[in-house]
Amino acid sequence: SLSLKDQAYTMSDKCHRTGKAIYPMDNPIRIGEMVFSKQGFKCASSGASLTLNNYVVFEGDVYHKNHVPKTAPDGSAGLGLSVAHAMASQATSSSAKVNAKSYTGSEASGFSAIPDHISKAKENGSGFGGTRTI
């Protein structure tokens, strides 16, 4: 078993997607045991280019977060930690908005106060009946 220091000088890794040799100067992307070249860091199902913000590991391969196969009965299976966290925080923020207080329609809005000059104009008639005589 080689130490991390020795590992940089050993044989090149192979890109998980393309199978081509990757060298340390290529700045490979390492996710778990998988190693990708920048060109090979693509979604397994759609081929879309991935970033460290939009990838998900699922059943030993990487996918775009919107292209993960729907075979898992549980949506949380195989999700990366950051995606699982994002989903949890999304659920929290959504439930806070949805469950906070139900809107019945009887609440006053910020626009419920009608200025006096508009109320009087409605009562007295503004002089404009909606039709024009020529």
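**Exercise 1. Determine whether D61 is buried or exposed in this predicted model, and describe the strand to which D61 belongs.**

*Solution.*
Step 1. The relative accessibility of D61 is 16%. The cut-off for a buried residue is under 20%, so D61 counts as buried.
Step 2. D61 belongs to β6, where D61 and Y63 lie on one side, and V62 and H64 on the other.
Step 3. These four residues are all buried, and both faces of β6 are therefore covered.

**Exercise 2. State which strand is joined to β6 by four bridges, and describe how the two strands are connected.**

*Solution.*
Step 1. The strand is β5, which runs antiparallel to β6.
Step 2. Within this arrangement, F58 stands opposite D61 in β6.
Step 3. β5 and β6 form a hairpin, with two residues between them. In the turn, E59 has a positive phi of about 50 degrees.

**Exercise 3. Find how many salt bridges the structure holds, and identify the parts of the chain that they link.**

*Solution.*
Step 1. The structure holds two salt bridges.
Step 2. One of them is formed by the side chains of R17 and D61, at 3.0 Å from N to O. R17 lies in the loop between β1 and β2, and D61 in strand β6, so this pair ties together parts that are 44 residues apart in sequence.
Step 3. R17 has a relative accessibility of 28% and therefore counts as partly exposed, whereas D61 is buried.
Step 4. A salt bridge is also formed by the side chains of D13 and R30, with an N to O distance of 2.9 Å. This pair links distant parts of the chain: D13 is in strand β1 and R30 in strand β3, 17 residues apart.
Step 5. D13 has a relative accessibility of 28%, so D13 counts as partly exposed.

**Exercise 4. Identify the residues with the most contacts inside the largest nonpolar core, and name the strands that each supply at least two of its residues.**

*Solution.*
Step 1. The largest nonpolar core has 15 residues. Those with the most contacts inside this core are I31, F36, F41 and V62.
Step 2. The strands β3, β4, β5 and β6 each supply at least two residues of the core. The largest share, three residues, comes from β4.
Step 3. Leaving aside residues up to four places away in sequence, I31 touches F41, Y55, V57 and V62.
Step 4. A general tendency may be recalled here: in soluble globular proteins, nonpolar side chains tend to be buried together.

**Exercise 5. Locate S37, and describe the surroundings of this residue.**

*Solution.*
Step 1. S37 lies in the loop between β4 and β5.
Step 2. The relative accessible area of S37 is 12%, so S37 is buried.
Step 3. A polar atom of the S37 side chain lies 3.0 Å from the backbone nitrogen of G40.
Step 4. Not counting residues up to four places away in sequence, S37 touches C15, T18, I22 and I29.

**Exercise 6. Give the order of helices and strands along the sequence, and state what percentage of the residues count as buried.**

*Solution.*
Step 1. The protein has three helices and six strands. Read along the sequence, they follow the pattern α-β-β-β-β-β-β-α-α.
Step 2. Of the 134 residues, 16% count as buried.
Step 3. The accessible surface comes to about 10700 Å², and 56% of this surface belongs to carbon and sulfur atoms.
Step 4. Among contacts with a separation of 6 or more, 17% are between residues 24 or more positions apart.

Notes. Residues numbered from 1 in each chain as written. Predicted model: local features only at pLDDT ≥ 70, side-chain atom pairs only at ≥ 80, totals over all residues. Heavy atoms only, no water. Core = buried A, V, L, I, M, F, W, Y, C linked by side-chain atoms within 4.5 Å. Buried < 20%, exposed > 50% of the residue type's maximum accessible area, 1.4 Å probe, protein only. Contact = heavy atoms within 4.5 Å. Polar contact = N/O pair within 3.5 Å; in protein donor to acceptor, adjacent residues only side chain to side chain. Salt bridge = Lys/Arg side-chain N within 4 Å of Asp/Glu carboxyl O. Pairing = 2+ DSSP bridges. Areas by Shrake-Rupley, 256 points an atom, 1.4 Å probe, with all protein chains shown as cover.
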